[in-house]
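Open the model in the viewer and keep the sequence panel in sight. The tour moves from one selection to the next.

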Amino acid sequence: MSEATQMEYKAGLSANDVSALAQGRAVTKLSSNENPFGPSPKAVAAAQAALEGANVYPERNDAALCGALADFHGRGLTPSHFFAANSGVEVLSLIEDACLTERERAIICPPCFGAYSASLQKKRAPIDTVALQGAGYQVDVDGILSAVTPETRLVYLCNPNNPTGTWFGEETLSAILDGLPDHVTLVYDEVYFQFATEMGLPDAIRHVLDGRNIVIVHSFSKAYGLAGMRLGYGIAPPEMTARIQRLKRAFHINTAGMAAAIAALTDKEHLKKTVDNNHSERKRLASGLRDLGLETSPSQANFVMFRCPVGHDADSLTNALVQEAVMVRPAFHLPHHIRATVGTPEDNTRLIAALKTVIGG
């Protein structure tokens, strides 16, 4: 265990940032884990219809979306098990506001999503780190439990993990929940869960229904293609969601965003198209990277992480690919690894071709 030093979260470039360097070429953006097919047409239509009433304030709370989420997930979940926010990152922030007071501590497990440390640092919460272990980036259950102190309030785990794409099963999740004392809540970030098509993930909802100290984090930015709408939600025991709901201001979610999210939940065909493409193209992209001699990490997300070849670090290789009008992202906490989103077949072919140009092969 170690206490984290200051870690700056750097947002990824936008396609507009890169377009000036592309010299007239279309930019292939594989840096932000966005849906390559865009949002559901049903979501777009719902948002457009909602804009007809943009002169009227939205609903004061997120009850309508929470009700739709309860219907969607089933399992005996009720609207009181949910809360919505403006992005998954804001879900994290609300959890922190509900659980942390000054100088209370949190545990993160790098390499992990950079927003964890960024959000905690803004709230001046001391951060302890328990690194993922080995080439497979496995969760160090004993290390996490040993790192807990009387001041610890939150433990963050992402499954599948960003940026590695690796994942863990029910045994690990149960061991952590069984070992954490009552004053510690597990923040279980599962925003990529729809893409885990080859290996099953833990049944985290079962632990919510059992009243355990867990908050599941989901997002509409990835599989649902609504990143520009900035919508996320949490699933937790009602006692926790009630604490979080009290922290939120009125009119917290805008009308168009809420309408789009509710409609997106109904479009099973668009979700299937997205997941099916990811399932097949993730394998093809990983194979293409390995054919170039690049070491890849096994992934159950909508991205593949690979190690840069000798003579390159993540920043230099990312910048070289920008010159080829292809955008990827240096992996959080790993200066010699890159995270590449799984795109359409054409996107992924272009990435492989650009890498061949830059590194040879």
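Select Thr28 and Arg350 and show their side chains: a polar contact of 2.8 Å joins the two. The coordinates belong to a predicted model. Thr28 sits in strand 2, which covers residues 28-29. Its relative accessibility is 6%, so Thr28 counts as buried, the cut-off being under 20%.

Now add Ala325 to the selection. In sequence Thr28 and Ala325 are separated by 297 residues, yet their C-alpha atoms are 6.3 Å apart. With neighbours within four places in sequence set aside, the contacts of Thr28 are Ala325, Val326, Met327, Asp347 and Arg350.

Stay with strand 2 and go on into the loop between strand 2 and helix 2 (41-51), where Asn33 lies. Asn33 is not a glycine, but its phi is positive, at about 55 degrees. Is Asn33 buried or exposed? Its relative accessibility is 0%, and Asn33 therefore counts as buried.

Another residue with a positive phi is Ser87, at about 100 degrees; Ser87 is not a glycine either. To find Ser87, select the loop between strand 3 (82-85) and helix 4 (88-99). Ser87 counts as buried because its relative accessibility is 5%.

Next come the cis peptide bonds. Select Pro110 and Pro111: the peptide bond that joins them is cis, with omega about 0 degrees. Pro111 belongs to the loop between strand 4 (105-108) and helix 5 (114-122). Then select Asn159 and Pro160, which are also joined by a cis peptide bond, here with omega about -10 degrees. Pro160 is in the loop between strand 6 and helix 7.

From that loop, move to helix 7 itself, residues 170-179, and colour Thr172, Leu173, Ser174, Ile176 and Leu177, which are buried. Which elements cover the buried residues of helix 7? Among them are helix 6 (141-147) and strand 6 (152-158), along with strand 7 (185-189), helix 8 (204-209) and strand 8 (214-219).

The last single residue is Thr296, in the loop between helix 11 (268-291) and strand 10 (303-307). Show its side chain together with that of Arg290; a polar contact of 3.2 Å joins them. Leaving out neighbours within four places in sequence, Thr296 has contacts with Ala286, Leu289, Arg290, Val304, Met305 and Phe306. At 16% relative accessibility Thr296 falls under the 20% cut-off, so Thr296 counts as buried.

Finally, clear the selection and view the whole protein. The protein contains 13 helices and 13 strands. Along the principal axes, its C-alpha trace spans about 55 × 55 × 35 Å. The radius of gyration is 20 Å, which agrees with the value near 21 Å that a compact globule of 361 residues would have. Of those 361 residues, 55% count as buried.

Turn on contacts to see how the chain is connected. Among contacts between residues at least 6 apart in sequence, 76% join residues at least 24 apart. Then switch to the surface: the protein exposes about 15,400 Å², and carbon and sulfur atoms supply 51% of that area. Colouring by charge will mark 32 positive and 38 negative side chains, and the centres of the two sets lie 4 Å apart.

Conventions: Residues numbered from 1 in each chain as written. Predicted model: local features only at pLDDT ≥ 70, side-chain atom pairs only at ≥ 80, totals over all residues. Heavy atoms only, no water. Helix = DSSP H or I, 4+ residues; strand = E, 2+ residues; numbered from the N terminus. Rg over C-alpha atoms; globule rule 2.2 N^0.38 Å. Buried < 20%, exposed > 50% of the residue type's maximum accessible area, 1.4 Å probe, protein only. Contact = heavy atoms within 4.5 Å. Areas by Shrake-Rupley, 256 points an atom, 1.4 Å probe, with all protein chains shown as cover. Lys, Arg positive; Asp, Glu negative; His and termini not counted. Charge placed at Lys NZ, Arg CZ, Asp CG, Glu CD. Polar contact = N/O pair within 3.5 Å; in protein donor to acceptor, adjacent residues only side chain to side chain.
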